[in-house]
Number of protein chains: 2
Amino acid sequence: MKTKNAVARKAVQAVKLPSLPQRPLRGARRESRRGDSTRLSILNAAERCFAQNGFDGVSLRTITEVAGVDLALVNYHFGSKDNLLREVIARRAKVVHEDRVRALEMARHEADASSPSIEAIVTAFLEPLLRRLSNGDAGWHHYSRLISQLDVLPKFTGLTGDVLDPTALHFINALRLALPKASPQSIYWGYMFLIGSMVQVISATGRIERLSRGLCRSGDIEGALHRLIPFISAGLRALGRQAE
Amino acid sequence: MKTKNAVARKAVQAVKLPSLPQRPLRGARRESRRGDSTRLSILNAAERCFAQNGFDGVSLRTITEVAGVDLALVNYHFGSKDNLLREVIARRAKVVHEDRVRALEMARHEADASSPSIEAIVTAFLEPLLRRLSNGDAGWHHYSRLISQLDVLPKFTGLTGDVLDPTALHFINALRLALPKASPQSIYWGYMFLIGSMVQVISATGRIERLSRGLCRSGDIEGALHRLIPFISAGLRALGRQAE
DNA sequence: ATTGATTTTCATTGAATGTTGAAATTGACT
DNA sequence: AGTCAATTTCAACATTCAATGAAAATCAAT
């Protein structure tokens, strides 16, 4: 029934969405349309609200209130709450993916003929996202916390899979080349552990402040990276040394 | 406004909960009361539902339907949905905490005068929970997935803090003794990474099946532990070696 | 000024939410 | 049989939810 609803909704939405002009109608390369700022406000508000209270913990009413726009505009611009979430994620995931792939290619270039070091691979994966967290843009913070939540909720694996798996497979392949003696299974598990460690940093729940009584701070990305990269690299290398 | 509602609800609930007899009224050491099986059904159903769809993604109606009991019984036995969640978690967290502390004491005993090895500490932390996941009891599976979700949601840090922080501080202290050269900050971060890696295993979202195209399985706890312990141990040791 | 598509507003839909009060039932005790 | 508290049932409560339909407004192009 749930799937049927989703399908029905999707079908309706495909029909009812405003017809986006596929190519610029006018001379300018890209014509900025009237509703663009509305779309942006909604995306940003949704990102913040979803991150704070989870997808099901926030209503479209709250989101539109934060965005300062009318409730009905969500369904006009995005079709449904589900689709709003998808666009919130896709927007930034695209950026991070491209940066990560580029960073990895750079590392490969520097490594010449051989494979880049584990540290280089891990850094190429972590920095594109983590560096943005210390750049003052709260949006990236919210996006990170949202990803952390979806990563762990079974009902969203479809969504996160579509968006994040390409990056994952890209880096899993790089790790395989860098750890030729590790079994394929160890590589996959190692990648999961990598993700998990990173998620603890980007989810920024404030737990480390509480545990350390203020000695460590969730927002101290430099401090986190300074430990995260050695931790993961040493862990992965240990998997590469393993007798199987 | 939201906080005010929560406070009001809590106050009401404190007044309206059925007066639980503090000590056994009759001869038997512990008199099993009539509603106990109802309580259990609700706890188990809530555990399963929360794990699958998240706290806000499930209604009390769904939970009581799964439990096969009347809707009103949730508020009769637990006072509120919030409190139901708390009891769902506390029930199993208590068991795991005791097992972990006991396992750590055992490791200390075996290590004689010196500190237990990193492997021993990490194992003492991981096994009490992970071993239960391969013992057929689906409840532990649901509990683990639920913990994974709450761990990453800001709005539940109060709850998870109350329940999980004592264990955390216990093991952080053990790690400090085992890694005398590591800075306190590195220990705290290391513990966070440990948690993160573990969460990726116990959240069991099926992602590793998809990424590895069936080569690895989320349910393969032995395989996961076989990589998780070396990964984390090597990572922590690297933090201990770090120049600071 | 008029057209016509895009965007916004407003009112409302039907369903689902957590919670509650009052009556009915149960079962162990006198 | 009768008592009484614990438990269960049933029917509602007032909100809130996502989504929609139709009218109003906006604005560039003719």
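How much area is buried between chain B and chain A? Here are a few points to look for as you turn the structure around.

1. Please keep in mind that this is a predicted model. The area buried between chain B and chain A comes to about 5800 Å², and carbon and sulfur atoms give 66% of it. In chain B, the residues that lose the most area to chain A are W189(B), R227(B) and F231(B); together they make up 15% of what that side buries.

2. Now for who takes part. Chain B brings 66 residues to the contact, and chain A brings 66 residues as well.

3. Polar links also cross the interface. Between chain B and chain A the count is four salt bridges. One of them joins D165(B) to R207(A), with the closest N and O atoms 3.1 Å apart. Polar contacts across the interface amount to 11 residue pairs.

4. On chain B, the helices that each supply at least two residues of the side touching chain A are α2 (36-53), α7 (138-152), α8 (157-178), α9 (184-202), α10 (207-211) and α11 (221-241). If you want a place to begin, try α9(B), which gives the most to that side, with 16 residues. By class, the side of chain B that touches chain A holds 31 nonpolar, 23 polar and 12 charged residues.

5. Finally, how do the two copies relate? A turn of 180 degrees, with a shift of 0.0 Å along the axis, lays chain B on chain A with an RMSD of 0.0 Å. This is the relation of a two-fold axis. Both copies use the same surface, since 100% of the contact residues of chain B recur in chain A.

How values were computed
Residues numbered from 1 in each chain as written. Chains lettered and ligands numbered in written order. Predicted model: local features only at pLDDT ≥ 70, side-chain atom pairs only at ≥ 80, totals over all residues. Heavy atoms only, no water. Contact = heavy atoms within 4.5 Å. Buried area = accessible area lost by both parts, 1.4 Å probe. Salt bridge = Lys/Arg side-chain N within 4 Å of Asp/Glu carboxyl O. Polar contact = N/O pair within 3.5 Å; in protein donor to acceptor, adjacent residues only side chain to side chain. Helix = DSSP H or I, 4+ residues; strand = E, 2+ residues; numbered from the N terminus. Nonpolar A, V, L, I, M, F, W, Y, C, P; charged D, E, K, R; others polar. Least-squares fit on C-alpha atoms with pLDDT ≥ 70 in both.
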